[in-house]
Amino acid sequence: MLIIGIAGGSGSGKTTVVRKLVAAMDVDRVAVMSQDNYYNDNKHLTLEERRKINFDHPDAIEFPLLVSHLQELRAGRAVDMPTYSFVESTRMAETETVTPHDVIIVEGILVLAIPELRELMDIKVFVDADADDRLARRIKRDVAERGRELSGILRHYETTVKPMHLQFVEPSKRYADLIVPQGGDNEKAIDVLRHFIEKKIG
């Protein structure tokens, strides 16, 4: 089993890189696990309280559970991955069963910032993109998919997303084996990564 960590700032194109990788490979050999599914279960809080949580800080995520799930998969056992609602800002009742695959892709802004996660990874990738491009993508996504308003998105970016990026996400780039500049538009870098993965898994 090959465990690949794909990190990068919010809106950098991580999901696009993952989607293109999976599309170019035998999908039956690849499973994707998102850090976002492991946000803490905040059902005990009101919706207003939940939306005040700093979701860009490592403490907002149940990383020990993600680590244990990867260890279980590597040992050949299936896991029940949580699912998360960004509209309600809490976990949903449903889980998603993930079975062992030849390739497990773990993606999220902070996956390279956590030592216990890095130790499990065979390949560490950082998707890099210009800050303006990342903000523009985040605005489009949050308006379309998460029902947020522009003013709130910009305020949240300045007070939370940007400082957390500088404190936790950007420094984790030094742990990457491969940096993908220009995000999901960098077809050459994605192709290099795909060839490397295929060579490793045979």
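Start by selecting Ala-24, a residue of helix H1, which covers residues 14-24. Is Ala-24 buried, partly exposed or exposed? With 39% relative accessibility, Ala-24 counts as partly exposed. Keep in mind as you look around that this is a predicted model. Now show what lies around Ala-24: setting aside residues up to four places away in sequence, Ala-24 touches Arg-194 and Glu-198. For a sense of scale, draw a distance from Ala-24 to Val-98, which is 74 residues away along the chain. The two C-alpha atoms are separated by 20 Å.

Next, select residues 63-74, which form helix H3. This helix has twelve residues, and from its first C-alpha to its last it reaches 17 Å, close to the 16 Å expected at 1.5 Å a residue. Colour Phe-63, Leu-66, Val-67, His-69, Leu-70 and Leu-73, which are buried. Then turn the view until you look down the axis of H3: the buried residues fall within an arc of 160°, so they line one face of the helix. A general point helps here: an α-helix has 3.6 residues a turn, so residues three or four places apart point the same way.

What covers those buried residues? Switch on strands S1 (2-8), S2 (30-34), S3, S4 and S5 (103-107), along with helix H4 (115-118); these are included in the cover over the buried residues of H3.

Stay in H3 and pick His-69. At 9% relative accessibility, below the 20% cut-off, His-69 counts as buried. Beyond its neighbours within four places in sequence, His-69 is in contact with Met-33, Tyr-38, Val-79, Asp-80, Met-81 and Pro-82.

Now move along the same helix to Arg-74. Here the relative accessibility is 36%, so Arg-74 counts as partly exposed. Its contacts, leaving aside neighbours within four places in sequence, are Met-1, Ile-3, Leu-120 and Asp-122. Add Asp-102 to the selection as well: Arg-74 and Asp-102 are 28 residues apart in sequence, and their C-alpha atoms are 9.7 Å apart in space. Following H3 you will find Gly-76, where phi is positive, near 90°.

From there, go on to strand S3, residues 79-85. How many of its seven residues are buried? Six of them are, which leaves the strand mostly covered. Bring in strand S4, residues 90-98, and you can see an antiparallel pair, with six bridges joining S3 to S4. To find your place in the pairing, select Asp-80, which stands opposite Thr-97 in S4. Asp-80 is also one of the residues in contact with His-69. The hairpin of S3 and S4 has four residues between the strands, and Ser-89 takes a positive phi near 55° in this hairpin.

For the last stop, look inside the structure. It holds one cavity of 30 Å³ or more, and the largest cavity has a volume of about 50 Å³. To locate this space, select its lining: Gly-9, Ser-10, Asp-56, Ile-109, Arg-134, Val-161, Met-164, His-165 and Val-169. Which helix gives the largest share of that lining? Select residues 150-169 to see helix H6, which contributes four residues.

Key: Residues are numbered from 1 along each chain as its sequence is written. This is a predicted model: local features need pLDDT of at least 70, side-chain atom pairs count only at pLDDT 80 or more; totals for chains, interfaces and linings use all residues. Side-chain values use heavy atoms; hydrogens and water are left out. Buried means under 20% relative accessible area, exposed over 50%, partly exposed in between (1.4 Å probe, protein chains only). Helices (H or I, at least four residues) and strands (E, at least two) are DSSP runs, numbered from the N terminus. Two strands pair if DSSP finds at least two bridges between them. The expected span of a helix is 1.5 Å times one less than its number of residues. The arc is that of the directions from the helix axis to the C-beta atoms. Contact means heavy atoms within 4.5 Å. On a 1 Å grid over the protein atoms alone, a cavity is a set of points where a 1.4 Å probe fits but cannot get out, and a pocket is an open set with protein on both sides within 12 Å along at least five of seven lines; lining residues have an atom within 4 Å of a point. Grid points are joined across faces, edges and corners, and a volume is the space filled by probe spheres set on the points.
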